[in-house]
Amino acid sequence: MAEPAGSRRRSLYKQVGSASWKEAFRQGCLERMRNSRDRLLNSYRQIGSSMPGRGQNALLVQEVMEEEWKSLQSSEYCPEALAQLSLPMDLAVLEEIQQELIDQEQSIISEYEKSLQFDEQYLSIMLAEWEAKPLICPVCTKYNLRITNGVVVCQCGLYIPSHSPELSEQKLRTYLEDSVNDHSTHCPHTPEFSVTDGTEEKPSLLMYCLVCDTWAVIL
């Protein structure tokens, strides 16, 4: 089982005889930054992209160092360190620790950005493939639908006069998917589709389910 973060930090401060408390402070800061990944990314998503210059690389560095310093001050496990707290810390040591934290913070952000880019690329590929696929007729589920000037036709004999000149395959695909998804929220069975005879008005495309006894007008 992994050792708790607090125990690891206390053990660092116990090792003053083998390593300076400044090194323990450095290790504690780095560990605290690693454990603050979620907090860092939340800050980055909220304000990171709008922060100019170097500030974008130091969202939590100051907080982490202050929190670790307070932790060291309240520590009961490092009397040697407490005895030295009244002495000024070497500025070069502080700057070195700060730079390490900035580098670690930027590494976490870079990893997150690469993950976002991968997700966006994957989504773009999926959308491109989705739009490139022909729209299968929902009535016969065999042939491809063709839409010209809003008129929907299929080799199976389906013919729906224009309900809207702006109708496209993409729009009809969206209508179909939205209707099927809405139906699936309350019924696990697959709905069917048909076209009204249009005796009194234009034929319409209907979705219906014999199991849950529901229907909806698609076009």
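This report describes helices, strands, aromatic pairs and cysteines in a predicted model.

## Helix H4 and its surroundings

Helix H4 covers residues 61-73, 13 residues in total. From its first C-alpha to its last, H4 reaches 18 Å, close to the 18 Å expected at 1.5 Å a residue. Its buried residues are Val61, Val64, Met65, Glu68 and Leu72. Viewed down the axis of H4, these buried residues fall within an arc of 95 degrees, so they line one face of the helix. The set includes a glutamate, Glu68, alongside Val61, Val64, Met65 and Leu72.

Arg39, a residue of helix H3, has contacts in this part of the chain. Leaving aside residues up to four places away in sequence, Arg39 touches Leu60, Glu63 and Glu67. Arg39 has a relative accessible area of 32% and is therefore partly exposed. The C-alpha atoms of Arg39 and Leu59 are 9.8 Å apart in space, while the two residues are 20 residues apart in sequence.

## Aromatic pairs

The structure holds two aromatic pairs. In one of them, the ring centres of Phe25 and Trp69 are 5.6 Å apart and the ring planes stand at 85 degrees, so the pair is edge-to-face. This pair links distant parts of the chain, with Phe25 in helix H2 (residues 21-35) and Trp69 in helix H4, 44 residues apart. Phe25 is buried, with a relative accessible area of 1%, whereas Trp69, at 24% relative accessibility, counts as partly exposed.

The rings of Tyr44 and Tyr112 also form a pair: their centres are 6.1 Å apart and their planes lie at 90 degrees, so this pair is edge-to-face. Tyr44 belongs to helix H3 (residues 37-47) and Tyr112 to helix H6 (residues 91-132), so the pair ties together parts that are 68 residues apart in sequence. Tyr44 and Tyr112 are both buried.

## The three-stranded sheet

Strands E1, E2 and E3 form an open sheet in that order, and the pairing is antiparallel. Strand E1 (146-148) and strand E3 (159-160) are the edge strands, each of which pairs on one side only. Strand E1 is joined by three bridges to strand E2 (residues 151-153), and the two run antiparallel. Within this pairing, Thr148 has Val151 in E2 as its bridge partner.

## Strands E4 to E6 and His183

Strand E5 (residues 205-209) pairs with two other strands. With strand E4 (residues 192-195), E5 pairs in the antiparallel sense over four bridges. In this pairing, Ser194 has Leu206 of E5 as its bridge partner. With strand E6 (residues 214-217), E5 again pairs in the antiparallel sense over four bridges, and Met207 has Ala216 of E6 as its bridge partner.

E5 and E6 form a hairpin with four residues between them. In the turn, Asp213 has a positive phi of about 60 degrees. Strand E5 is mostly covered, since four of its five residues are buried. In a regular strand, side chains alternate between the two faces of the sheet.

His183 provides a link between helix H7 and these strands. The residue is found in H7 (residues 169-184) and, at 3% relative accessibility, counts as buried. Beyond residues up to four places away in sequence, His183 touches His189, Pro191, Met207, Cys209, Cys212 and Thr214. Met207 is thus both a contact of His183 and the bridge partner of Ala216 in E6.

## Cysteines

The count of disulfides comes to zero. Where does the cysteine sulfur closest to that of Cys156 lie? The closest one is in Cys154, 3.4 Å away, which is too far for a bond, because a disulfide requires the sulfur atoms to be within 2.5 Å. Cys156 is partly exposed, with a relative accessible area of 37%. Cys29, by contrast, counts as buried at 0% relative accessibility.

## Accessibility of selected residues

The table brings together the relative accessible areas given above.

| Residue | Relative accessible area | Class |
|---|---|---|
| Cys29 | 0% | buried |
| Phe25 | 1% | buried |
| His183 | 3% | buried |
| Trp69 | 24% | partly exposed |
| Arg39 | 32% | partly exposed |
| Cys156 | 37% | partly exposed |

The division between the two classes rests on a cut-off: a residue is buried under 20% relative accessible area. Trp69, at 24%, therefore counts as partly exposed.

Note on methods. Residues numbered from 1 in each chain as written. Predicted model: local features only at pLDDT ≥ 70, side-chain atom pairs only at ≥ 80, totals over all residues. Heavy atoms only, no water. Pairing = 2+ DSSP bridges. Expected span 1.5 Å × (residues − 1). Buried < 20%, exposed > 50% of the residue type's maximum accessible area, 1.4 Å probe, protein only. Arc of directions from axis to C-beta. Contact = heavy atoms within 4.5 Å. Phe/Tyr/Trp six-rings, centres within 6.5 Å; stacked < 30°, edge-to-face > 60°.
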